[in-house]
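Here are some short exercises to work through with the model open in your viewer. Try each one before reading its solution.

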Amino acid sequence: MTQDMHRLIAGNKRRDRFFGWAGLAAMVFAVTILLLLLVTLGLEGGRRLSWEFLTSYPSRVPERAGILPACVGTVLVMLVTAVTSVPLGVAAAVYLEEYAPKSRVTAVIEINIANLAGVPSIVYGLMALGLFVYPLHLGHSILTAGLTLTLLCLPVVIIVAREAIRTVPSGIREAAYALGATKWQTIRDHVLPYSTGGILTGVIIALSRAVGETAPLITIGALSFIAFLPSPPVTATPPFLSVRWLFDPFAVLPMQMFNWISRPQEAFHLNAAGAGLVLMLVTLAMNGLAYYIRYRSRRRIRW
Amino acid sequence: MMRKRNPGEQIIEALLLLAALSSVGITLGIVGVLLYESAVFFREVSVIEFLTDTQWTPLFADPHYGILPLLSGTMTTTGVALALALPLGTIMALYLSEYASAGVRETVKPFLELLTSVPTVIFGYFALLVVTPCLQLLWPALPGFNMLSAGLVIGVMIIPYISSVSEDALHAVPAHLREGSLAMGATRMQTAFRVVVPSAVSGIAAAYVLGISRAIGETMVVAIAAGMQPTLTWNPLEPAATVTAFIVQVSLGDLPHGSIGYQTIFVAGLTLFVVTFLFNVAGYMLRTRYHRKY
C-alpha cells in the first residue's frame with residue numbers, strides 16, 4: 001500500500017519535472033529561433049549598411065542603390081499619422097474614460113474599438129483605396145498613406161490612452177472638483193498631465209507598428225521606385241511653409257524592402273536585408289524610447 | 001439647488017464624443033466601401049459561382065470567380081501556423097505562469113511583446129530567404145515558393161501573441177485556488193492542468209482566437225513566400241495564393257479603377273473581413289467572460 005503510494009508520488013513528481021523542462025525547452029526554442037532570424041538579418045544587412053546606402057536613390061544597379069527617398073517618405077508619412085491619430089485617439093479615450101455614461105452607445109463604441117484592433121491591416125488599405133484614393137481624389141499621396149495608417153493606429157492609441165487615464169487615482173479628480181474646477185479643467189490640468197507618460201508610451205508603440213506596415217500601403221498604390229524627394233516643406237518665398245509634399249508620390253522603407261525581396265537577383269536581396277536592418281533598428285529604437293518614457297514617468301509619479 | 005452648466009464644457013464634451021464616434025465611422029467606412037464595390041461585382045457574378053467554382057482566374061481571358069482556391073490557401077497556411085504556434089505558445093504560457101521565477105517572467109514577457117512589433121515584411125524575408133532554403137536541405141524537391149515555410153514563419157510570428165495573452169489569463173487565476181490545490185498534495189503540473197487551466201479556459205480560448213485571426217489576416221509573409229498562383233490544394237508543400245496575397249498581387253499591377261478586376265480585391269477583402277470579424281467577436285466575448293469571473 002505505502003509502496004504504491006510512493007510509486008505514485010514519484011511518478012507524479014517525475015512528470016512534473018518533465019513538464020517543467022518541456023516548458024523551458026519550448027521557451028528557449030521559440031526565443032532562439034526568433035533571435036536567430038534577427039541575427040541573420042543583422043549579419044546580412046550589416047554587410048550592406050553604409051553612408052552611401054542611406055543617402056542614395058534606388059537604382060537598377062544593386063550596388064549603387066540606396067534608401068534615401070524611402071527614409072524621407074517614412075518620416076513624412078509618420079508625421080501625418082502622428083498629427084492626426086494622437087489628438088483624435090486621446091480625445092476619444094478621454095470621452096470613454098471620463099464622460100461616457102453606461103449606455104448602449106458606449107457599449108457599441110467599446111466593442112467596435114476591440115474589433116477594429118483585430119481587423120487585418122490590408123482591409124484598412126482597401127478602405128483607403130475605395131474612399132481616399134478615388135472618391136476623395138487624394139491620389140497615391142503621402143497624405144493618403146498617412147491617413148491610412150491613422151485608421152490603423154487609432155484603435156491602439158485609444159486603448160492605451162484609456163489605460164493610462166484609468167491609472168490616475170480618483171482622489172486627484174475629487175480634489176480638483178472640491179476646489180471648484182469644472183470637469184474639463186480637471187481633465188486638462190490634472191488627469192491629462194498625470195497620464196502623459198502612459199499615453200506617450202502607447203502612442204510611440206502604436207507608431208512603431210505603423211512604421212513597418214506594408215500591406216495597406218501596397219493596396220493604396222505606393223510606389224517603390226522613386227528617384228526623387230517630395231517637395232520641401234520650407235520655401236524661400238512667403239509664406240515660407242508649403243504643404244505640397246502632402247500630395248506628392250512617395251516610397252517608404254518596408255515597401256522598398258518588399259520590392260527588393262521580389263527581385264530574382266541575389267544582390268538585391270542583400271539590399272533588402274540592409275533596408276530591413278534599418279527598419280528593424282528604427283522599430284527597436286522607438287520601442288526603447290517608449291519603455292524609457294514609461295520607466296521615467298513611473299519613477300517620477302508616486303501616488 | 002441651482003445648477004448652471006457652462007456652455008463651453010458642453011461643447012468640449014460634444015467634441016470628445018465626436019472623436020469617440022470616429023472609430024465607429026471607420027468601421028462603417030470599411031463595411032460601406034467593401035459592400036459597395038462587392039455589390040457591383042455580384043451584379044456580374046452570381047454568389048453561387050463565387051462560392052462553388054473551383055477556379056480563381058479573374059484576370060484571364062476566360063475568367064472564373066471561385067473564392068475556394070484562395071480560401072484553401074489561407075486555411076492551409078493558417079493550419080500550418082497554428083500547428084506550430086498553439087502547442088508551443090500554450091506550453092510557454094504555462095511555463096511562464098506556473099514554473100518560471102518572477103525574474104524570468106519579467107524578462108521574457110516584455111521581450112515577447114517587443115517581438116510583436118517586428119515588421120511583417122521582415123518575417124517575409126526570413127520565410128523566403130532563410131527558412132525555405134533550410135527546408136530545402138531536408139526536402140530537396142520543395143519549390144522555392146511554398147505554403148509550409150510561410151505557415152511556419154507565421155506560426156513563429158504569432159507565438160508571442162498566444163503566449164502573452166494566455167499568460168495574462170493564467171496569471172489572473174487567484175492564487176488561493178493554486179494554493180488550495182498544492183496544499184492537497186498536487187504537483188505543479190497537476191495544479192496547472194486541473195485547476196489553473198480550467199479556470200482560465202475562456203482567456204486561453206481568446207488568445208487562440210486572436211492568434212487565428214492574425215494568421216488569417218497575415219499578408220506580407222504569404223505574399224512574399226507562398227507564391228501568387230491561386231490553386232485549390234491543401235498540400236502545404238505546394239505554392240498557392242491566399243486571399244491576402246491575391247489582394248497584394250492585384251494592387252501591385254495596374255488595374256483600371258472600376259474594372260471587374262479592381263472589384264475582385266474588394267470581394268476578397270470582404271471575405272477576409274467577415275471571417276476575421278467572426279473570430280474577433282468570439283474573442284471579445286470570451287475575454288469579457290473571464291474578466292467578469294473574478
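**Exercise 1.** How many salt bridges does the rule give over all chains?

*Solution.* Start with the ground rules. This is a predicted model, where local features need pLDDT of at least 70, side-chain atom pairs count only at pLDDT 80 or more, and totals for chains, interfaces and linings use all residues. Residues are numbered from 1 along each chain as its sequence is written, chains are lettered from A and ligands numbered from 1 in the order in which they are written, and side-chain values use heavy atoms, with hydrogens and water left out. Next, the rule: a salt bridge is a side-chain nitrogen of Lys or Arg within 4 Å of a carboxyl oxygen of Asp or Glu. Applied over all chains, that gives eleven.

**Exercise 2.** Find out how far apart A:E44 and A:R47 are along their helix, and check their exposure.

*Solution.* First, the contact: their side chains form a salt bridge, 3.2 Å from N to O. Both sit in helix α1 (residues 2-48) of chain A, and because they are three residues apart, about one helical turn separates them. Helices here are DSSP runs (H or I, at least four residues), numbered from the N terminus. For exposure, buried means under 20% relative accessible area, exposed over 50%, and partly exposed in between (1.4 Å probe, protein chains only). A:E44 has 27%, so it's partly exposed; A:R47 has 59%, so it's exposed.

**Exercise 3.** Which helices do A:E98 and A:R173 tie together?

*Solution.* The salt bridge between A:E98 and A:R173 has its closest N and O atoms 2.8 Å apart. A:E98 is in helix α3 (residues 68-99) of chain A and A:R173 in helix α7 (residues 170-178) of chain A, so the pair links parts 75 residues apart in sequence. Are they buried or exposed? Both are buried.

**Exercise 4.** Now do likewise for B:K109 and B:E167.

*Solution.* Their closest N and O atoms are 3.1 Å apart, in a salt bridge. B:K109 belongs to helix α4 (residues 102-115) of chain B and B:E167 to helix α6 (residues 147-171) of chain B, so this pair ties together parts 58 residues apart in sequence. B:K109 is buried, with a relative accessible area of 13%, and B:E167 is buried at 2%. As for networks, salt bridges with shared partners join A:E97, A:E110, A:R162 and A:R166 into one.

Technical notes
Helix = DSSP H or I, 4+ residues; strand = E, 2+ residues; numbered from the N terminus.
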